[in-house]
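Open the model in your viewer and keep the selection panel at hand. The stops below go one selection at a time.

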Amino acid sequence: MIVFSSVLTAKDSTGQGLDTKNTFLTIQVDSKPLQEVFSEIEHQSKCKFVYDANSLNVTAPITMHVKKESLYNILIQLSEKMNLDFKQIGNYFSVRTVEKPHEGSSVGTSAAIKKVFFPDTKVSSYGLISNLYNNIIVRGKVTDDKGSPLLGVTVQLKGSGLGTMTDANGDFEITLASGNATLVFSYVGFEIKEVKLNGRTTINVSLTASVSGLNEVVVVGYGTQKKSVVTGAISSVKASDLENQQIGNLSQALQGRASGLTIASSSGAPGAAATVTIRGTTSLNDGANDPLYVVDGVVVGSGGIDYLNPNDIESIEVLKDAASAAIYGARSSAGVILVTTKKGKAGDVRVNYNGYYGTQAPAKKLKLLNATQYATLMNEQAANDGKPAVFANPESFGKGTDWQDLIFNNDAQIQNHEVSISGGSEKATFYTSFGYFGQDGIVAPSISNYKRYNVRLNSSYKIAKWLTFGQTAGYSHINNKGNVAGNTDFGGPLSSAIMMDPITKKIITDPTEANAVPYSTQPVERDGNGNPYGISNYVVQQVTNPLAYIQTEQGNYNWSDDIVGNVFLEAEPVKGLKLRSTVGTTLSYWGSENFTPLYYLNSNQFSTQTSFARSRQKSANWNIENTVSFNRLINQHNFTILLGQGAYLDNNSSGINVTYFNLPVNTFKEASMNYSISAADISAGGYEGIHHTVSSLFGRLTYDYGGKYLFTGIIRRDGSSRFGSNNKFGYFPSASVGWVASREDFFPAKENINFLKIRGSYGITGSDVLGNFRYLSTVGGGRNYTFGDNLYDIGYSPDAPSNPDLRWEQTSQLNFGIDMVLFTNWNLTFDWYNKKTSGILQTIQFPAYVGATGSSYGNVADMENKGLELELGYQKTIGAVKINVKGNISHLRNEVTYLGDGKEFLDGGAKLQSSTYPLTRTAVGYAIGSFYGFKTEGVFQNQGEIDAYVGKDGKPIQPTAVPGDFKWADLDGDGQITEADRTFIGDPIPDWSYGFSFNVSWKSFDLLVFGQGISGNQIFQGLRRMDIPTANWQTDFLNRWHGEGTSNTYPRLTITDKNKNMANPSDFRLQNGDYFRIKTLQIGYSLPANIINKAGLKTARIYLSSNNLLTATKYTGFDPEIGGSSYGIDRAIYPQSRSYLVGLNLGF
Amino acid sequence: MIAACSKSFLDVDLKATQVEDNYYKNPDQAFAGLVAAYDPLGWEGGISSGYSNFPCLEAASDDCFGGGGSASDVPYLNTMDSYNIDAANGPQLDFWQKNFTGISRVNTVLSVFEKDIPGLDDAVKKRYIAEAKFLRAHYYFDLVRLFANVPLFTEPLPKEEIYNVTQASPEEVYAQIEKDLKDVIAEPNLPDKVPAATEGGRVTKGAAQALLGKVYLYEKKWNDAAAQFADVNGAPGGTSKYGYHLLNNFSDIFRVDNKFNSESIIEITHTSIAASGWGNVSNMEGMIASQMVGPRSYNGPIYYSGWGGCPITPSLFNAIHNDPRYATTVADIDSLVNLHLASYKPGYQNTGHFAKKFAPQQSFKNTNAGPAPPNYPQNYIEMRLADTYLMEAEALVQGGGDLIRAAALLNAVRARVGLDPEEATLENIYNERRLELATEGHRWYDLIRTGRAAAILGPLGFTTGKNELLPIPLPEFTNTRMVQNPGY
């Protein structure tokens, strides 16, 4: 028989109700009213019964004895005994009396009950759930804020358990007793919304995505996807994460805010870029490690992203796994960063002003020896080498000159002003902004500052209902004075301030000295009063008086103008079919102006002729892309097919540079190329870039079934001008699957897991950063020979056998991930990946009998990156307090797995000036660029220890050492210290990177704390050049060995350094690079509406902010954030500043 | 956009990058190819390796030590001097790389010359071919003498064959050298001699005959050798058909202002005008040997400072001290120091006596742009008439030939420096070679060629049956079918 009688749903179709079959209760009642049984069940199982007390006899007595029985069976018993009918919605049971009494025993059979469970596909036909059977019917549609229908939204009568759910089209229908009720719409990932009916029977509701982000739209490359159905590993940073934070460029926006990224500034200088790597170092070749940047669909190439005003960014998506990145094919193996700029919205014109102004100062000053201490140690050093004291009376020098004080700027200004105007109608929208950013350096600001001017216009126009035209365009002008040579062994104010002796005076005021050599005879630099800057008698080479150095760099600057934009035409002739064509371009103009005066800084650093150099370069790159996509929803089968074609041209560049020598002036200001000088004093050069072209076809199939079973497949075919003739085209496939387990019927309906998605992906990506024409057999010059008397002829010959098989570096990546929403307010994303790069470009060593002159290139080496990533978010509103916390942590392990047959390590490596041994080594089985050197085993305290340190043959291992020298570990046990005693002593790649932001607001006040850190890496502290024995020391060298028992970690001071205490790369100056940094601490106050409305404002907020307020680290240099090309070796990096700012946001 | 999809979109403009397929299309490019084939002749090292040149061979002989700053300072010299040479350590990669690079370039241009080059005169092309073949013979003669067992290439090596190459027998290599040189000598378009000022250093027929004679000598084909040398030498003391005659003044042979003199037969050229810096040896046009043999940290007259390589052994000093050629051969720095005229820093194995013939002498100062070293302008005269006189004399004695002519040749060499005539015995000829050609890079080859190495070098550490040859360089064994020489 048909069982209307006992309609009981074991769980609801969203998989989020009480699991009645797995909820066990014990009920022992004798002749108790029904409502008491209900109460008991409610008490034990946290469910709720709803019924109309008028139509249901809840006082009817009932007797029941069950022990650990399932709720399901209990309800069936109740149903049979009391002629009741149950329907379950979530944790609610709607109860009514069955009109007809039960007949026979088949009613309670599971077979019969099963039949009436909600089949997932027909939710709507069972949408009517009510214990009030004779009232009004309300219908409507629920969509997200973009108008897409939402499936499975719970629609409930406020204050009751009565409710229903939407179907795949977002439609719902509910029967209510009254037309004045309030409906509550709730859906995982969206804000709960309450709607008063006020007599209406049709209600269309749009829900706003909540912090859980499940319904955030994620940009995935040639399209968007809801986060809830994304199957790849993508990290997003939204405009809201960046608001009001002092972000100078894109890399700063990502640092600490997305998992899986390793970001380190190459310098704290204004305008300095950072190195960004996604999921570790992908290649041994530098250029192949930069992510591909795509701004509004325009590939802007690697690194050329400085032009972008961070305030214009709507969202940044980092495509981390191969399945996400493969849509960008042969340029995606280092990951892809998609940037979307802000667009206008239909509605009133909005005008916003955002600005801040602040002051910056160095966060740390190094502790260096003062003049007395310096002289004392110099004397000791001389004595250790058996030489007479250098200074008769060290005390007489007092404290001496503090060079750091002289170059640091404790009041460096930073300011940013930006006005944006946006708005539009249904037909057209626009967003336009104007920005200015200016920052002075905290070191030598007259030669270290940065200014950027931005203009942006994004607009779109609906030509017809089915046809849209639009454009994005950003322009920037940058003027950058970056003349503080940071992180180099070869001078510059920073490293000079550290190494310059404190005895030398800032300026020479004594007329006798000022009128003596070299001041009297050389073009020395002078201060405003004509006093010469002091020149050291003790420290030479590239170490100079930093103030004098600064004078020689006055005026020099780099500039650039960039225009990046695209135009697009989008048509939707049939619903679901979209055609889109875009043409994008990057136009760049850049150059520099440099004047070198006559100068004399010391006996090594001088200039004997003036020169004025100007360089001008330009590039005009473009790309064209055409895509067609088709979306169709058939029942719950949701397909999207995308097909596309692209053509890309870059490195379409050229440049010239001209230098005028011997201009009759001595300052940048006076320098001009209008002077008539002889042609012999003009030198010029130029170049044209070799074009880089890529031609592509790509396709993507996205499929999901009811938002539950997800699949994405991608294939891209790329041809590149850099591929060898035998491998002109590469294919880059990927596939990913996902399963939203929480939507399954059997998913335990526990409140603590609201959403669970498990996903996996595998794909292949490539890199075509191979250099030009490396597959061709080129002919090179310079193979010259002399015929006759002092003449020579130019010879040309083939360079090396060509490699027409040259192909892309290939990266395959396996990724597993979980996305969860927990306890309603928490969301969590976890990823594990294994990324393998093979065929990394290397020079091929042919046997010498081949007689090749140049290098041949081949796809040789392999590398692997394995990692874990966790992102966690929490949002809750408790009364007037709103809390929003986000955190992420990533673990990474990089290993070189192959370098060619029999090749254990690469030649070369980073070197220190003091040593012939490289400090770093890239070797099989170790992380790229690992530190490689000798191991110290303490300091010899006396001759006895030296004599006792013997090899197997009983002979001393370090016979020439003296007390105070390092005891080197004899790792190969051959009884002597040789290059074979070097080993891997650390690596500069952090094991862990993490970041978090904590955002809380209470009424009109808000507080933000944003922090970021790394751990598990090493830094080589190379601030002091060990080949300059007279350079000043940091105060930790006061702990040097100077007698038995004085130190077992710092060696004695010596100039000759026969034991190579300083010259050998070793673990002596290798330090732990862990740090944690409070990047931003900000307190804001929003002015009350009644006050600002009078001023015509909609919003007004002022804030106080501090950047880099606190850094926790044990590292002894300026700054543990060491990026750039010499990753991990600190040769006096320009430190990050600590700033204090006041900011203002106004909305009109 | 259609273009964008097609393959031509991916074939980008070369922007002046020269591609082999498009090169060698006109006479200038053909000549540039030939110049590149000559280029390795002047190398004093390899591309990827260090500095080494004929002084290495002197260090291996009993005439010079290794020297330098310390026992490990100039490994190319010191490993040869001490015979402490193995596959990884020694100058072998330099010699190997230099000569095989030359062979590769020769084979490239010879394959180019098989095709038509528009505008290139046939006679000029034939001369080029002859020059290239001479160069190939020269490069192989060095290889076969130093290594004996080397791969033999007479055509460009196809890429797919690179790792399948095996070594040829020394006989096969010698046969190819003979064939090449006979072709050269038979070529009517190859000049007998060249104008010194513009073409000095280019291949001549005289050079080819002299080299072939020397090759025969090494093969112990005494009569064939003597026949070739007879043409080169002409009447002893007179002027040969190629214009060669002995200079009157011995020291004039080595003067920088007397390049391509009438005694010079094969001259390896250098120049000071390239303004080279230190770097890859293959890119330097000056003479590095000069820097190598100069006294260290020297301050004083006559010489520049150098690296202190190849100090003269007491053995050579004693042999030559009373010879008229002493003053031209030995730089007696110690005497200058003792006279308080100069100071220097004695290096490893210092004897106070240095090789003077190629020393960095102030009188040959580089007046052009660029630093003095490595831009010393001295040429290296690899074969000169006194050498071919003595070789012919030796061939005549060994082959039972005209002993009167043999004595005339020997005594012409002696008479030029004022020495009395001697009988043309092998011992006298060998002794004359040592003194006449001291420090010019021949002694070590001679000792091995004549079987005297074991007796003379044995006490110095020379291992018979091993040290006659250099080891095949270690990197050559990676993935290849090379076989190491005996004893290494």
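**Stop one: a pair in the sheet**

Select Tyr293(A) and look across to β21(A), where Ile337(A) stands opposite. Keep in mind throughout that this is a predicted model.

Now widen the selection to residues 292-295 of chain A, which form strand β18, and residues 336-341, which form strand β21. These two strands run in the parallel sense and pair over four bridges. In general, strands of a sheet are held together by backbone hydrogen bonds, in either a parallel or an antiparallel arrangement.

Next, show the whole sheet. It is open, has five strands in the order β15-β20-β21-β18-β19 of chain A, and its pairing is mixed. Which strands are at the edges? Select 234-238 for β15 and 298-299 for β19 in chain A; each of them pairs on one side only.

**Stop two: a nonpolar patch**

Select Tyr461(A), Ile463(A), Phe469(A), Val567(A), Leu569(A) and Val583(A), and turn on the surface: together they make a nonpolar patch of about 500 Å². Colour β25 (448-464) and β27 (557-574) of chain A, since each supplies at least two residues of this patch.

Zoom in on Tyr461(A), in strand β25 of chain A. Its relative accessibility is 37%, so Tyr461(A) counts as partly exposed, between the limits of 20% and 50%.

**Stop three: a positive patch**

Finally, select Lys146(A), Lys345(A), Arg350(A) and Lys1098(A), which gather on the surface as a patch of positive charge. Follow the chain A loop between β6 (136-144) and β7 (154-157) to find Lys146(A). Is Lys146(A) buried or exposed? Lys146(A) counts as exposed because its relative accessibility is 61%, and the cut-off for exposed is over 50%.

Key
Residues are numbered from 1 along each chain as its sequence is written. Chains are lettered from A and ligands numbered from 1 in the order in which they are written. This is a predicted model: local features need pLDDT of at least 70, side-chain atom pairs count only at pLDDT 80 or more; totals for chains, interfaces and linings use all residues. Side-chain values use heavy atoms; hydrogens and water are left out. Patches are made of residues with over 30% relative accessible area and no salt bridge: like charges are joined within 9 Å, nonpolar side chains (Val, Leu, Ile, Met, Phe, Trp, Tyr) within 5 Å. Accessible areas come from the Shrake-Rupley method with a 1.4 Å probe; for residues, only the protein chains shown count as cover. A salt bridge is a side-chain nitrogen of Lys or Arg within 4 Å of a carboxyl oxygen of Asp or Glu. Lys and Arg count as positive and Asp and Glu as negative; His and the chain ends are not counted. The place of a charge is taken as NZ of Lys, CZ of Arg, CG of Asp or CD of Glu. Buried means under 20% relative accessible area, exposed over 50%, partly exposed in between (1.4 Å probe, protein chains only). Two strands pair if DSSP finds at least two bridges between them.
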